[in-house]
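Please open the model in a viewer and keep a selection tool at hand. The stops below proceed from a single element to the annotated spans and then to the contact between chains.

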Amino acid sequence: MFKKKHATSAVTLKETWKDGDAVTKLTFFIMGLNALRHRQWLKGFSLLFAEIIFLIWFFLSGIHSIAGLSNLGAIKSKRVVFDKAQGVYITQQPDNSVLILLFGILALFIVAGFIYLYIVNLRSNKHTFLLEKRHEHIPTNHEEIASLFDQRLHATLMTIPIVLIILFTVLPTVFMISMAFTNYDRQHSVGFSWTGFQAFGNVLSGDLAGTFFPVLGWTLIWAVAATATTFFFGVLLALLIESKGIKHKNVWRTIFIIVYAVPQFVSLLMMAQFLDYQGPLNTLLMNWGWISHPIHFIDNQASPLIARITVIVVNMWIGIPVSMLTSTAIIQNLPQDQIEAARIDGASPVQIFNHITFPQILFVMSPALIQQFIGNINNFNVIYLLTGGAPMNNNYNGAGSTDLLVTWLYNLTFGQEQRYNASAVLGILIFIISATFSLIAYRHTNAYKEG
Amino acid sequence: MKSYSNQRRFALIFRYVLLAILAVLWIFPIIWIILASFSYNNTGFVSTIWPEKFTWQNYVGILTSSQYPFVNWVLNTLFVAVISATLSTFVTIAVAYVLSRLRFRFRKPFLQIALVLGMFPGFMSMIALYYILKALNMLNLGGLILVYVGGAGLGFYIAKGFFDTMPRAIDEAAEIDGANKWQVFVHIGLPLSKPMIVYTALTSFMAPWVDFIFSGIILSTSGNPKTYTVAYGLYNMVHSAKGTMAQFFTQFIAGCVIIAIPITILFIVMQKFYVNGITAGADKG
């Protein structure tokens, strides 16, 4: 590969065009021609057919799809118009902007893909031209195919995954980002149009700002609290199980892991039932005489503070076992000499933990911790399954006191509000928050320094 | 000397007691779920720890229910899980191997793009996925498989970490012996990564059993309960069960227990891979 790079840099595209023969020149317009001349059938026919299919598609529907992006459909709302041909009034349905936007973006992707193929064509043409000029061996069809399993194995193996990623991750993401710049909401549920940064304005300073900033604040508090509690107690639990004299360590660990292993929609939905106003926990506490009235833990009559504390505690129930598992692996690999030395010098177990074990674990786990922090910002399951955002907050627009940004995003899309543009804005803002924290994290890890 | 050993024994007993209390606290809600699945109850909620009356009827009910075709759900999920696990494993392992063992121009940009894409909340793209699948006329189990496999290309981190630890000298030796890169991949890379393949296959096998969100969005439009997967079916069931269909709530719990037991066992079997993956990731950031 290295060699090839040097070889191609010896001739420019301009020289290829100027000095090339007719076929080489024609290959600038008809893709794969030069390859076909040299009997590289696979490459030649693939490029040629790609061009033919692309051109047919482009003129039949591609142009139309891309043009649709400019205004997302001319007819924005249902209206009655007079049809001259039939001489009657007919109802005209609005253009479906969602589909126009989706197919427009898809068309742009196809055009980008074709441009990439065209560049591949030019590069291959240039390379063949150079080999001709130097009277070197031009790879045969067979050799070209063989290289797909050797020097270009990466292309062979990555093609399908990349197509899947583009279709099912990149395309939807670009689609949603562009949705943030429209007025797609309940009032404009079929035909909508571009409105620039208006939706961002609504979220950051308009009618949703009164919900956005408190929910953002709680999301950050939640992420810090959830990460810190599970990490700290997870390490303590791991140390407890790993400490000398405890037998059947694996059995103990498994008991805790079971909680994490149970599917979350089971454990959390049942936990919600367990904490219900009429649920077993309240019954139990009443029978023991610890409380005289049932407590509203997570329902709509709960106080926001109690609901938030409950959510964090339940998250500890789920999260501590995972954190225990990972810190166990780290503890087992910790260098023992420092701990021994400290012990000989007369340090107490608490001192050893505070000054040696814990800092070491923290050091090793800091990248994983940042990842967990970001995971908690986006922790949909715990909130959605446990409280569904309850208790509802009258000052909020479509969110409850325990709602995180992601669950609010979900409500804005699939709930009563149907403010799709605002939920897209939220997605972008969540991305910016996560990206900022990741950037800080990666700058502080060795992986980043090594490049 | 005696007091010292006494003190140590006390400390050990204290630690055992603490551990036992914690273990009981943790496992208690799980045991309650199992107990509740045997309770005779038609009020829509279970308010006691110990059921007043034990019954097998909940299990019989959920397995024979015509309103909630649980057996169909399980078969649907099994179908989705097997196909998606096969295809996803192929995609994930191929991507991870290429990114770890081969060097090409697009490698660094790909890793960076994957990192950035991973930071967008997954829910954001659900509307788009819904419309894409609708356009393809695939709002069914096939579409669900496509979504799971489509996401597999970005789930390469743990497998890549595994391939990174394999010594490069093995590849080089094989190449000197005249093997091409494909042969190295098939005859050396794949056999050495058997544990990783098992792990990837198991993770992608388990995903459809616990996912109620994507499956809900994709399958709910059909309105036919027979096409649901088990996670969405059960989730959907409890939402209606809380209201008018209170009598089915304990059946819901029974269904949950039936599904949770194999998933839990699978997860416990896998935990070793899981830990290795996380700590390998932690070392490299």
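Select residues 349-377 of chain A, helix H16, which has 29 residues. Its end C-alpha atoms are only 34 Å apart, short of the 42 Å that a straight helix would reach at 1.5 Å a residue, the expected span being 1.5 Å times one less than the number of residues. Helices are DSSP runs (H or I, at least four residues) and strands likewise (E, at least two), numbered from the N terminus.

This is a predicted model, in which local features need pLDDT of at least 70, side-chain atom pairs count only at pLDDT 80 or more, and totals for chains, interfaces and linings use all residues. Residues are numbered from 1 along each chain as its sequence is written, while chains are lettered from A and ligands numbered from 1 in the order in which they are written.

Centre next on Ser366(A), where H16(A) bends by about 60° (the angle between axes fitted to the seven residues ending there and the seven starting there). A proline, Pro367(A), follows within four residues.

Now select residues 98-119 of chain A, one of the spans that UniProt annotates as "transmembrane region" in an unreviewed entry. This span is 100% helix and 0% strand, with end C-alpha atoms 32 Å apart. Residues 157-181 of chain A, also among the annotated spans, are 92% helix, and their end C-alpha atoms are 36 Å apart.

Finally, display the contact between chains A and B (C-beta atoms, placed from the backbone, within 7 Å): 79 residues come from chain A and 66 from chain B. On the chain A side, helix H8 (residues 153-179) supplies the largest share, 17 residues.

Note on methods:
UniProt positions are given in the numbering used here, feature names are shortened, and annotations may be inferred rather than shown by experiment. Two residues are in contact if their C-beta atoms, placed from the backbone, lie within 7 Å.
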